[in-house]
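Me: I have a model open and want the reasoning behind its labels. Can we go through them one by one?

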Amino acid sequence: MPKAYVFTRYGGPEAEELVEVDRPVPGPGQILVAVRAAGVNPVDWKQRTGYRRPGESGERLFPVVFGNEVAGVVEATGEGVEGFAAGDEVFGNTVAGGYAEYALLPAEVTAHKPDGLSFTRAATLPVAAATAYDGVRQLGLPAGATLLVTGAGGGVGAAAVQIARSFGLSVVGVASEGKKDFVEALGAVHVPSGPGWAERVRAAARDGVAGVYDLVGGEVLAESAGLLADRTRLITAGAPPEEVERLGGARVARARNAAVLEAVAQLVVNGDLDPHVTGTFPLDRAGEALRTVEDGHARGKVVIEVSR
């Protein structure tokens, strides 16, 4: 039987386990994929603690397979699926987990993998890079404007900096002092996080910032709002809707479609976006991969690679 890495209840790492599961069967509009790589994201461990995305509802049935993004090879398609066939190399968001040998993907959020893109790099795009792309487009800043990205050293932040740069924007990135070289290598002006960071942003961007892409939330989000003349240019993927709406901003509006996946994949192929995969782990070490992200010290992306 195929294997999957799951959590068996809400809690900490003790709730995780590598188990054997039935091979999924694709339903209408779904694609069954033999997974070659799965991206690891903070939302994965947060879901283990009981976290739900805004708008998510319904009871989870345990065990729950970790993971929200994969790349792999099509094994079968469900009723009504067009444009995909067995043997196609694809990547996309998952229906019910991706740290596994097989996963289901909704056809509308699945894209063909370009030949010049590895499975490992493709698996990093559906969550972090697509979220970054949606947010930068949502802000709609003109070329030459300055964008502030808080949490610039994480997966979404690193992608947002690079995508913004590809759109002709100047970027100021807030991240820990230890990520200074990394953030600057992405093409941003680095500002150390911690007390006084907003004043340091004002000093770094003397003409002000035209927009803010927040990935931290809380006090950082509130202080970010004070840097803007137009708070409709404040968006967050790091705080709930009510928190940012009180400040005059909005959550990132996710497109969740194949067109966005194709766009970010092309940015990678063109050399405008580097997912910065900084760690890879086999499926039987998925717990280590998750700890790397959960500890909050990962730079760029961590990926689980599934051998066939």
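Reply: Yes. The model is predicted. We can begin with Ala 222, which is found in helix α7.

Me: Why is Ala 222 called partly exposed?

Reply: Its relative accessibility is 39%. Buried means under 20% and exposed means over 50%. The value 39% falls in between, so Ala 222 counts as partly exposed.

Me: How far apart are Ala 222 and Gly 178 in sequence and in space?

Reply: They are 44 residues apart in sequence. From C-alpha to C-alpha the distance is 24 Å.

Me: What does helix α7 pack on, and which strands does it touch?

Reply: First, the sheet itself. Its 6 strands run in the order β11-β10-β9-β12-β13-β14, with parallel pairing. The edge strands are β11 (189-192) and β14 (250-251), since each pairs on one side only. Helix α7 (residues 218-225) packs on this sheet and touches β9, β12 and β13. Its direction makes about 165° with that of β13. Angles over 145 degrees count as roughly antiparallel, so α7 is roughly antiparallel to β13.

Me: How do you know that β12 and β13 pair?

Reply: Pairing needs at least two bridges. Strand β12 (residues 211-214) and strand β13 (residues 234-236) have 3 bridges, in the parallel sense, so they pair. One of the bridges sets Val 212 against Leu 234 in β13.

Me: What joins β9 to β10?

Reply: There are 5 bridges, and the two strands run parallel. Leu 147 has Val 171 of β10 as its bridge partner.

Me: What makes β9 mostly covered?

Reply: Of its 5 residues, 5 are buried. Both faces are covered. Thr 146, Leu 148 and Thr 150 lie on one side, and Leu 147 and Val 149 on the other.

Me: Why are α3 and α9 called roughly perpendicular?

Reply: Helix α3 (residues 125-139) and helix α9 (residues 258-270) pack at about 95°. The range for roughly perpendicular is 65 to 115 degrees, and 95° lies inside it, so the label holds. The axes are 9 Å apart.

Me: Which residues make that contact, and of what class are they?

Reply: From α3 come Leu 125, Pro 126, Ala 129, Ala 130, Tyr 133 and Asp 134. From α9 come Val 260, Leu 261, Ala 263, Val 264, Ala 265, Leu 267 and Val 268. By class, the contact has 12 nonpolar residues, no polar and 1 charged. Asp counts as charged, so Asp 134 is the charged one.

Me: Which residues have the most contacts inside the largest nonpolar core?

Reply: They are Phe 91, Leu 125, Leu 147, Val 149, Ile 163, Tyr 213 and Leu 273. That core has 48 residues. Among the elements that each supply at least two residues are β5 (69-77), β9 (146-150), α4 (155-166) and α9. Helix α3 gives the most, with 8 residues. Another core, of 28 residues, lies apart from it and includes Val 64, Phe 66, Ala 298 and Ile 304.

Me: Which strands are the edges of the open sheet β2-β1-β4?

Reply: This sheet has 3 strands with antiparallel pairing. β2 (16-20) and β4 (64-65) are the edge strands, as each pairs on one side only. Strand β1 (residues 3-7) pairs with β2 over 5 bridges. Val 6 has Glu 17 in β2 as its bridge partner.

Me: How many residues of β6 are buried, and which strands does it pair with?

Reply: In strand β6 (residues 89-93), 4 of the 5 residues are buried. It runs antiparallel to β5, with 5 bridges. It also runs antiparallel to strand β8 (residues 110-112), with 3 bridges. Val 90 has His 112 of β8 as its bridge partner.

Me: What makes the backbone unusual at some residues?

Reply: Most residues other than glycine have a negative phi, and most peptide bonds are trans. Arg 256, in the loop between β14 and α9, has a positive phi of about 50°. His 276, in the loop between α9 and β15 (277-282), has a phi near 55°. A cis peptide bond joins Phe 62 and Pro 63, with omega about 0°.

Me: Why is His 276 called partly exposed?

Reply: Its relative accessible area is 22%. Buried means under 20%, so His 276 counts as partly exposed. Arg 256, at 41%, is partly exposed as well.

Definitions and conventions. Residues are numbered from 1 along each chain as its sequence is written. This is a predicted model: local features need pLDDT of at least 70, side-chain atom pairs count only at pLDDT 80 or more; totals for chains, interfaces and linings use all residues. Side-chain values use heavy atoms; hydrogens and water are left out. Axes are lines fitted to C-alpha atoms, for helices over the stretch in contact, and angles run from 0 to 180 degrees between N-to-C directions. Angles under 35 degrees count as roughly parallel, over 145 as roughly antiparallel, 65 to 115 as roughly perpendicular and the rest as oblique. Contact means heavy atoms within 4.5 Å. A nonpolar core is a set of buried Ala, Val, Leu, Ile, Met, Phe, Trp, Tyr and Cys residues joined through side-chain atoms within 4.5 Å. Buried means under 20% relative accessible area, exposed over 50%, partly exposed in between (1.4 Å probe, protein chains only).
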